[in-house]
Amino acid sequence: LQQRAADFAANLLGWGLRAGGPDAYRNVVNALWERQPHYAQSQIQLVLPDRVTPAESERPVVQRIFDAYQKMKQAQLQADPIFLPGGGWKNVIENAYGELLAGSRENNIERFHYFLANFAAWEIPTGIDESSAYRKLAESDRKRRHFEQQVVAQLLHWWQTLESEGRSLDELVMPPYGNQGGFQVGSLIVTPNGIYGDFYARLLAGFLRSQPQPHARRRIAELGGGFGRLYYFLSKQLTDTCYLDFDLPELLCCAAYYLMLCFPDKRFLLYGEADYSADCFDDFDVLLLPSFEIERTPTDAVDLFINENSLGVMPPVAARRFVDQMCRVSEAIWHRNHETRRNPFPDNETSLLNREYPIDLNRFQLVARHCDIERVIGHAMALDKNDMYWYYYRRS
Ligand SMILES: C[S@@+](CC[C@H](N)C(=O)[O-])C[C@H]1O[C@@H](n2cnc3c(N)ncnc32)[C@H](O)[C@@H]1O
């Protein structure tokens, strides 16, 4: 009887909502979903820290980053303009990273450090974490509670039941450098991105273990690694690797700050500290290089080249150039980008879709392709919005 009453109510509601068109229908369904009573009152709470004053003890690390940043900015002036931030990223850098730019321009390391110590607690979207989205979420008690009790609770339930293989929730916790917020569960703070990071790191580690190992240790490269989230989780799966991140100078500052504080014992190469050559793959554990340096990478030097949500934010000409380079230097490629949705850029330009990346299919074969885990496990609204697919290619 209850089912029949539900169908009747849905028919009535659906009839009215369809008149408003597909978008109106979906918005009301999403709003209803947010009002659904919670079955389990789990103790999950969004935590958004206030800005912090940088710790003086971090200054030697920040001084290295400050020096490398100024060298990168000098070198960027000589580089092919294709490697400058394009598409929407020029604005992202100018707006969200303004404090970092000003710190460098004024030769003011305190200001520069202040940005880094708070890069994950910024209101303006930095494009590399969810802090600004969570701040928006917190403006509505109902939306926040829905996200805590429905979205995060279900994600954690899924991870604990089907993914953890006996590991505790601690595995999902990321050191909060950069003043990261998240969802408090007991004494731990976790995030959906931490869950996805753990998931993909295990997937990629499995792919890598199945590949031949041509070098003394695994070499993993990433294009546009953000602040280093995926590498943080990968390093739990694979020990003794050499990791290379090619990115824009501002993002490399965040990655350097985050990863150097997370891994004080690893050997880092920041731009300008030594010449970038094949020797670096043995001499350093982490190489953080401006993206124009990708062209100086020796052919076949890398085991796996990763790209998560970066090719799809770049102008087509840049994306094609990077894909050519990834094919030249790597034994395998894994990327996760847009399947159907093009990012609009100035001058009516749009980003490429997955099928348009010029992967050389004479040299690479597609081993696996799947939709992004967030699409199936993440929050319901993502079903409309998440068109990401990942592809794993290997030399044939
Ligand atoms: C949306 S973020 C994704 C970050 C990270 N991969 C993740 O999934 O969290 C896009 C990344 O692409 C990088 N990126 C954008 N345009 C770029 C360019 N022209 N050259 C190199 N990296 C670029 C950004 O700096 C940033 O690290």
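**Close-up 1. The ligand and its surrounding residues.** In this predicted model, 17 residues surround the ligand. The closest are Gly224, Arg229, Asp247, Leu251 and Glu308. By residue class, the shell around the ligand holds seven nonpolar, seven polar and three charged residues.

**Close-up 2. Polar contacts to the ligand.** Two backbones and one side chain are shown here. A backbone N or O atom of Gly224 lies 2.8 Å from a nitrogen atom of the ligand. For Glu308, too, a backbone N or O atom lies 2.8 Å from a ligand nitrogen atom. Ser310 uses its side chain: an N or O atom there is 3.2 Å from an oxygen atom of the ligand. Taken alone, the ligand exposes 580 Å². The protein buries 95% of that area.

**Close-up 3. Packing of helices H6 and H11.** Helix H6 spans residues 109–117, and helix H11 spans residues 249–262. They pack at an angle of about 70°, with their axes 10 Å apart. Angles of 65 to 115 degrees count as roughly perpendicular, so H6 and H11 are roughly perpendicular to each other.

**Close-up 4. Residues at the H6–H11 contact.** H6 contributes Phe112, His113, Phe115, Leu116 and Ala117. From H11 come Cys253, Cys254 and Tyr257. Seven residues of this contact are nonpolar and one is polar. None is charged.

Conventions: Residues numbered from 1 in each chain as written. Predicted model: local features only at pLDDT ≥ 70, side-chain atom pairs only at ≥ 80, totals over all residues. Heavy atoms only, no water. Near = heavy atom within 4 Å. Polar contact = N/O pair within 3.5 Å; in protein donor to acceptor, adjacent residues only side chain to side chain. Areas by Shrake-Rupley, 256 points an atom, 1.4 Å probe, with all protein chains shown as cover. Nonpolar A, V, L, I, M, F, W, Y, C, P; charged D, E, K, R; others polar. Axes fitted to C-alpha atoms, helices over the stretch in contact; angles between N-to-C directions. Helix = DSSP H or I, 4+ residues; strand = E, 2+ residues; numbered from the N terminus. Parallel < 35°, antiparallel > 145°, perpendicular 65-115°, else oblique. Contact = heavy atoms within 4.5 Å.
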